[in-house]
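Subject: Structure handover

Hello,

Here is the structure you asked about. Please open it next to this message, and the findings follow below.

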Amino acid sequence: MTEVVAALIWQGDRFMICRRPAHKARGLLWESGGAKVGPGETEQPALIRDCRDERAVTVVSGDVFTGVVHNYPDITVHLTLFNAVIAEGVPQKIEHSDIRWITTGEIPNYEFCPADEEILNKIVEEHL
């Protein structure tokens with residue numbers, strides 16, 4: 001199982017989503033944006049690294065929002081989503097093909113990675 005971390009970053013009533021590049025697995029699907037936890041690395045440093053390297057922002061990681069296990073045909077992931085805030089920088093499209101800030105009501109307008117479906121349901125439940 002591959003350990004993956006992602007950040008749930010809010011800006012007012014909107015949260016950040018990122019579109020995967022076309023050439024990657026699950027290309028052009030939307031996600032929270034995340035990273036595999038590397039050897040010898042722990043979750044929160046991996047999250048901070050990912051946000052810096054792939055979106056050019058420094059984040060402060062908070063508590064765990066939720067976690068899910070999802071079996072894709074090519075990989076099984078344990079995805080942990082952390083609450084986080086941007087401490088410095090403006091999100092840039094370094095790794096992703098697009099970045100958007102959406103409300104919970106806009107979720108149906110986007111096609112997300114299957115592992116994110118359970119997470120999105122919880123986001124909606126908690127922000128009604």
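Strand 1 and strand 2 run antiparallel and are joined by two bridges. The model is a predicted one, so please read what follows in that light. Within this pair, tryptophan 10 stands opposite phenylalanine 15 in strand 2. The hairpin that the two strands form has two residues between them, and glycine 12 there takes a positive phi near 70°.

Strand 1 has other partners as well. Three bridges join strand 1 to strand 4, and this pair is antiparallel. Eight bridges join strand 1 to strand 6, and here the strands run parallel. Alanine 6 is a useful residue to click on: it stands opposite leucine 81 in strand 6, and its bridge partner in strand 4 is glycine 34.

Now the chain as a whole. It holds two helices and seven strands, in the order β-β-β-β-α-β-β-β-α along the sequence. Its radius of gyration is 13 Å, close to the 14 Å that the globule rule gives for 128 residues, so the chain is as compact as a globular protein of that length. The C-alpha atoms fill a box of roughly 35 × 35 × 30 Å along the principal axes. Of the 128 residues, 41% are buried. Among contacts with a separation of 6 or more, 68% are between residues 24 or more positions apart. The accessible surface is about 6,700 Å², and carbon and sulfur atoms account for 49% of that.

Helix 1 covers residues 43–55, which is 13 residues. From first C-alpha to last it reaches 17 Å, close to the expected 18 Å. Alanine 56 comes after helix 1 and has a positive phi, near 60°.

Which residues of helix 1 are buried? They are Ala46, Leu47, Asp50, Cys51, Glu54 and Arg55. These residues cover an arc of only 130° around the axis, which puts them on the same side of helix 1. The general background is that an α-helix has 3.6 residues a turn, so residues three or four places apart point the same way. The cover over the buried residues of helix 1 includes strand 1, strand 2, strand 4, strand 5, strand 6 and strand 7.

One residue of helix 1 deserves a separate look: aspartate 50. Its relative accessibility is 1%, so aspartate 50 counts as buried, the cut-off being under 20%. Leaving out residues up to four places away in sequence, aspartate 50 touches Gly33, Gly34, Ala35 and Arg55.

Regards

Definitions and conventions. Residues are numbered from 1 along each chain as its sequence is written. This is a predicted model: local features need pLDDT of at least 70, side-chain atom pairs count only at pLDDT 80 or more; totals for chains, interfaces and linings use all residues. Side-chain values use heavy atoms; hydrogens and water are left out. Helices (H or I, at least four residues) and strands (E, at least two) are DSSP runs, numbered from the N terminus. The expected span of a helix is 1.5 Å times one less than its number of residues. Buried means under 20% relative accessible area, exposed over 50%, partly exposed in between (1.4 Å probe, protein chains only). The arc is that of the directions from the helix axis to the C-beta atoms. Contact means heavy atoms within 4.5 Å. The radius of gyration is taken over C-alpha atoms; the globule rule is 2.2 Å times the number of residues to the power 0.38. Accessible areas come from the Shrake-Rupley method with a 1.4 Å probe; for residues, only the protein chains shown count as cover. Two strands pair if DSSP finds at least two bridges between them.
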